[in-house]
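This briefing is intended for a reader working at the bench. Please consult it alongside the sequence and the model displayed below.

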Amino acid sequence: MAATTDQLPDTTVRRVPSLATTWSIWLAVGVAVAATGVVASVLAGLPALPGRPDADPFTGLVSLLGDLVARLAGLATLGWLAGRAVFLPAGTGSLPRWGGRTAQLWLVSALLMTFANPAFVYGLPLGYTLRPDAWWTFLSSTPSTLAWLISALAALAAVVVAYRPASRSAAALAWLAGTGATVFVAVTGNVSVGLDHDFATDAMGIATVCATVLAGGAVGVVAVASTAPEAIGADVHRYHRAALPLLVVAGVGYAVAAWQQLAGVPLLSVAAGVPVAAGGGLLVLLVLNWCWRQLVARREAVTPARLVASVGRDLVGLIGLAACLTAAVHLPPPRFEVPQSAQVNYLGYEVNLPATLERLAGLGRPNLLWLTLVVIAIGSYLAGMVKVHRSGGRWPVSRLLWWLGGWLLTGYLAVSGLWMYSTAVYNWHMLVHMTVNMMVPVLCVLGAPFTLAREALPPPFVRTSAGKESSLSPLNSAQTVGGTGLLDELSANRVVRVLLSPPVVWVVYVSSLFAVYFTPLFEWLMRYHWAHQLMLLYFMAAGYAFFALLVGPDRHPWPLPHLVKFALLVSVMPFHAIFAVGIMTAHTVIGENFYRTIDITWVGDLLADQNIAGQITWFTGEIPAFVAVLALVAQWFRSDSRKAVRDDQLVDAGGEDELAAYNEMLAELAERDRREQRLRPSGGDHR
């Protein structure tokens, strides 16, 4: 895009978005709501699924409307949060007024879905789930109901941010919480059922993140344009650059989920295939709109009004996509009619071949989520290095090697047989989890990714009333935007500082293993693919936070002396040993119901397998601890060496030598003591 608002007269930004764009967005919302009535009538005419004899059309209609309203209100709220955190300088515009309303609507509709969703899933009257005892039972036993409650809590956080003078960092944290809740709702739907649901769940989660980021960006651009048109500028172009890859990844993710749900049935031969086809068509139109935008931008200068109108068309398509997803979640897919074994029900596939060294070390069933994270992590890091070098800076190759080591190890775990067998056999489960919890974080932390981000991202800048950007250091950081400015605000956020404080990080890291594996939580998490993935992500995040505090080169909100870091590192080793010994000496099988239900016959004695898991746990904890000790000692030595060099330079420059000053102080104290001895009267001690 060649044109920005600082090249255009003020009159071009006074009426954006246009009335046509605004009305088209509201029309799309109206059509989406009307479409739910059509889907409800189709749903009422379909044969009842086995186990749902009491399903009624009213419950289906309420669930459809509640789902759609929650999706649209959630996307609007997340867009407002994105506009508040990324696009709009603090203290500008009136975003909180309508952002708070959409957050309230999201909260109410998500709470409604905690009652309507279990009623629809189990084919019960809505009045039954409104009973407190029944609601609590479904909440504790149905993941989709729990997901809607988490969504309601995220909406509540957005309401708090909207109606308080919150910072950009608070808006960013609320956006992260809302996006996570949206993904939780997506992965606990139909895609969590049947053969290959591990692929479908990961694909749906990745696609939901991409669609949420894209929709949030579109809403944020339109919102900022309607309230503070002078702020429209380079941020619109950043949205355009990100739109195509987000659309492509989202399209691939939805295609994988549709492939799993259709179970080989032709697309348009069943009612569930119609919203899938419609959603695919909308994605194609969104890609064509992006191509048209690029083609026009190369031929002529594009005004802000036309830019926002193009983003408005994206938003219309995304509203339609949300309606298609709502319909697809409620129409029973062909996958529901395919019988499945216990292993397929829990894992998404069967593990009938015994684990051998060749099968463990060779290619296995890939983990789509972790492969995607590996590609993003390595690609982003390399892109950051390129930006640093282009700006004339330098980045140590050693840090790149540490980062590559951590993520390539993760990638190997994700594609090898270790991942496939870790979901079904406890000893390989512990090998993968301890590697993700300790070895991978140690390597990744030494890559200093946040320092690289600070050097690669644009510095904080100030937007003037004409939309121009100044890179001068602002006197009031609350009025700044830019990547490093947001990073600085996040690191100074009170919630972030508490979560990253040494006591909290230490307690979380030490207690997590005991809280998960020695309680019923482990068995519950192993029953669902999304929960297993969440457990891996949590352990990796906890490990990263702990080792970042001790050996991370990145600037930390709580810098500690090296001696304290060493003490913290040593202090966790006994707890790790106690955990490993507890696994080896346990007289009951951890997660016994889960492992007996999937019935991996070639495993044999589960207690013997658990004893091996304890030995693996002990061994896999020693290597990363040794690496961390070496890194800490090296950093300690370099820090003392740098301090000695600085002291020498100070002495050479005529400054005060600390050692000489200390010796001089001791000499003065000794001379004072001698004077006092001479002044004392002879004849002993007179008291």
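The notes below begin with the chain as a whole and then turn to helix packing and individual residues.

The structure is a predicted model. Its chain contains 27 helices and 3 strands. Of the 687 residues in the chain, 49% are buried. Among contacts between residues at least 6 apart in sequence, 80% join residues at least 24 apart.

**Packing around helix 21**

- Two packed helices are described by the angle between their axes and the distance between the axes.
- Helix 17 (residues 426–445) and helix 21 (residues 502–517) have axes that come within 13 Å and cross at roughly 160°. Helix 17 is therefore roughly antiparallel to helix 21, since angles over 145 degrees are placed in that class.
- The crossing of helix 17 and helix 21 is right-handed.
- On the helix 17 side, the residues that meet helix 21 are Tyr426, His429, Met430, His433, Met434, Asn437 and Met438. Their partners in helix 21 are Tyr509, Leu513 and Tyr517.
- Helix 21 also packs against helix 23 (residues 529–551), at an angle of about 150° and with the axes 9 Å apart. The crossing of helix 21 and helix 23 is left-handed.
- Helix 21 contributes Pro502, Val505, Trp506, Val508, Tyr509, Ser512, Leu513, Val516 and Tyr517 to the contact with helix 23. From helix 23, the contributing residues include Met535, Tyr538, Phe539, Phe546, Phe547 and Leu549.
- Tyr509, Leu513 and Tyr517 of helix 21 thus appear in the contact with helix 17 and also in the contact with helix 23.

**Two threonines within helices**

- Threonine 620 belongs to helix 26 (residues 606–652). With a relative accessible area of 11%, threonine 620 is buried, because the cut-off for burial is under 20%.
- The side chain of threonine 620 reaches the backbone oxygen of isoleucine 616 at 2.7 Å.
- Beyond residues up to four places away in sequence, threonine 620 touches Leu431 and Met434. Met434 is also one of the helix 17 residues that meet helix 21.
- Threonine 208 is located in helix 8 (residues 197–227) and is buried, at a relative accessible area of 7%.
- The side chain of threonine 208 reaches the backbone oxygen of methionine 204 at 2.6 Å.
- Leaving aside neighbours within four places in sequence, threonine 208 is in contact with Thr182, Val183, Ala186 and Tyr254.

**Residues at and around helix 26**

- Valine 589 lies in the loop between helix 24 (562–585) and helix 25 (592–598). Despite this loop position, valine 589 is buried, with a relative accessible area of 13%.
- The C-alpha atoms of valine 589 and leucine 606 are separated by 6.6 Å, although the two residues are 17 residues apart along the chain.
- Valine 589 touches Arg596, Leu606, Leu607 and Gln610, not counting residues up to four places away in sequence.
- Phenylalanine 637 is placed in helix 26. At a relative accessible area of 60%, phenylalanine 637 is exposed, because the cut-off for that class is over 50%.
- Phenylalanine 637 and histidine 562 are 75 residues apart along the chain, and their C-alpha atoms are separated by 9.7 Å.

**Loop residues with positive phi**

- Most residues other than glycine have a negative phi.
- Alanine 263, which is not a glycine, has a positive phi of about 55°. Alanine 263 is found in the loop between helix 9 (234–262) and helix 10 (273–299), and at 28% relative accessibility it counts as partly exposed.
- Aspartate 599 likewise has a positive phi, near 55°. Aspartate 599 sits in the loop between helix 25 and helix 26 and is partly exposed, at 47% relative accessibility.

**Cysteines**

- The count of disulfides in the model is 0.
- Cysteine 210 is buried, with a relative accessible area of 10%.
- Cysteine 444 is buried as well, at 1% relative accessibility.

Notes:
Residues numbered from 1 in each chain as written. Predicted model: local features only at pLDDT ≥ 70, side-chain atom pairs only at ≥ 80, totals over all residues. Heavy atoms only, no water. Helix = DSSP H or I, 4+ residues; strand = E, 2+ residues; numbered from the N terminus. Buried < 20%, exposed > 50% of the residue type's maximum accessible area, 1.4 Å probe, protein only. Polar contact = N/O pair within 3.5 Å; in protein donor to acceptor, adjacent residues only side chain to side chain. Contact = heavy atoms within 4.5 Å. Disulfide = S-S within 2.5 Å. Axes fitted to C-alpha atoms, helices over the stretch in contact; angles between N-to-C directions. Parallel < 35°, antiparallel > 145°, perpendicular 65-115°, else oblique. Left-handed = near helix turned anticlockwise from the far one by under 90°.
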